[in-house]
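Subject: Structure handover

Hello,

Here is the structure I promised to pass on. Please open it first, then read my notes below.

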Amino acid sequence: MEYRCVQCGFRIKTLFVQYSPGNIRLMKCENCKAVADEYIECEIMILLIDLILHKPKAYRHLLYNVLNHKIPHFEGFFWNSIFGYLLLDAYRSLVLQSCNEEWRLSVSFSSLVWSCRKLLTDVVLGNFLFLCTFVLATKMFLSRSAGSPRYKDILLAILISSYFKIFLIAMMVWEFPSSVIFIFDLFVLSSNTVAVKVMTESAMSRCIGACFSAHAVKIFTTQVFELRSLRYSNFFSDLMP
């Protein structure tokens, strides 16, 4: 992927010119005549704040000008991102299970088996259906042209824009109601939508439709298997003396 102007998304060959160590000059965009990427000279905290505020220019800087194929070990970073995403998703499922009083009190072997099965279902099957639905929705809703990014780049944008899942770690220190998890899910959905819009340059309504359908299928699948798990858990608990 080529570098992009964070203001208008116009392709640009270089972001800055370095005259000497520590002495650089930021390049201007040929399209909008603004500085192509002012985040180069900004602190990382400013970038994080703008990402939380869902500013498209912050996502352009991160997805085009930082996380591109020119960085070393891009493939390793891509697979590490997948592993981190699945790990945070597994922790989300564990937090939801720990909020269930029956799961806390039940220590039988059968209940542990069903809990592990539900965890694998949420992480593996849920994300597999999420990916399949998102790819299908991308073909149906989002515009694709010759210069459009690859599906691998869009998938990386989804992984990176799901950074709100990291805040679930705070639940290891402080107690929060389970509804907070669904608030995080809404933030992840909105962040995914902005990232997809930045990558595909499609209409916001189409990006919302693609991301919402993928998340809806994932949540529906996990809820169905959760109901089945609770049914079998109650069945085995009735069999116990």
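Start at Leu51. Setting aside neighbours within four places in sequence, Leu51 touches Ala58, Tyr59, Leu62 and Tyr163. Leu51 also belongs to the largest nonpolar core, which has 36 residues. Leu51, Tyr59, Leu63, Phe134, Ile160 and Val196 are the members that touch the most others in that core. Many helices feed it: α1 (44-52), α2 (56-66), α3, α5, α6, α7 and α8 supply at least two residues each. Helix α7 gives the largest share, with 7 residues. Another core lies apart from this one. That second core has 6 residues, including Leu168, Met171, Val180 and Phe184.

A word on what you are looking at. The model is predicted. Please keep that in mind throughout.

The overall picture

The chain has 241 residues, and 40% of them count as buried. Its secondary structure comes to 8 helices and 4 strands. In what order do the elements run from the N terminus? The order is β-β-β-β-α-α-α-α-α-α-α-α. The strands therefore precede the helices, as runs numbered from the N terminus.

Contacts reach far along the sequence. Take those with a separation of 6 or more: 66% of them join residues 24 or more positions apart. As for the surface, the chain exposes about 14,100 Å². Carbon and sulfur atoms supply 68% of that area.

Helix α7 and what follows

Helix α7 covers residues 179-200, which makes 22 residues. From first C-alpha to last, α7 reaches 32 Å. That is close to the 32 Å expected at 1.5 Å a residue. Glu201 comes after α7 and has a positive phi, near 55°.

Salt bridges

How many salt bridges does the count come to? The count is 7. Here are some that I would look at.

Arg4 and Glu201 meet through their side chains, at 3.0 Å from N to O. This pair links distant parts of the chain, 197 residues apart. Arg4 sits in strand β1 (residues 3-4). Glu201 sits in the loop between α7 and α8 (204-239). Is each partner buried or exposed? Arg4 has 6% relative accessibility, so it counts as buried. Glu201 is exposed, because its relative accessible area is 53%.

Lys152 forms a salt bridge with Glu75, and their closest N and O atoms are 2.5 Å apart. Lys152 lies in helix α6 (residues 151-160) and Glu75 in helix α3 (residues 74-98), so the pair ties together parts 77 residues apart in sequence. Lys152 has 25% relative accessibility and counts as partly exposed. Glu75 is at 41% and also counts as partly exposed.

Arg92 and Asp185 form another salt bridge, at 2.8 Å from N to O. The pair links helix α3, which holds Arg92, to helix α7, which holds Asp185. The two residues are 93 apart in the chain. Arg92 is buried, with a relative accessible area of 13%. Asp185 counts as buried too, at 17% relative accessibility. Both values fall under the 20% cut-off, so both residues count as buried.

What else does Arg92 contact? Leaving aside neighbours within four places in sequence, Arg92 is in contact with Lys165, Leu168, Ile181, Phe182 and Asp185. Two of these names come up elsewhere in this note. Leu168 is among the residues of the 6-residue core. Lys165 is part of a salt-bridge network with Asp89 and Lys218.

One more residue

Val124 is worth a click as well. Val124 is found in helix α5 (residues 109-141). Which side of the cut-off is Val124 on, buried or exposed? Val124 counts as exposed because its relative accessibility is 53%, and the cut-off for exposed is over 50%. Its C-alpha atom is 9.3 Å from that of Ala90. Along the chain, Val124 and Ala90 are 34 residues apart.

For a first look, I would go in this order:

- Leu51 and the 36-residue core.
- Helix α7, from residue 179 to residue 200, and then Glu201 after it.
- The salt bridge between Arg92 and Asp185, with the other contacts of Arg92.
- Val124 in helix α5.

Best wishes

Technical notes:
Residues numbered from 1 in each chain as written. Predicted model: local features only at pLDDT ≥ 70, side-chain atom pairs only at ≥ 80, totals over all residues. Heavy atoms only, no water. Buried < 20%, exposed > 50% of the residue type's maximum accessible area, 1.4 Å probe, protein only. Expected span 1.5 Å × (residues − 1). Contact = heavy atoms within 4.5 Å. Areas by Shrake-Rupley, 256 points an atom, 1.4 Å probe, with all protein chains shown as cover. Salt bridge = Lys/Arg side-chain N within 4 Å of Asp/Glu carboxyl O. Core = buried A, V, L, I, M, F, W, Y, C linked by side-chain atoms within 4.5 Å.
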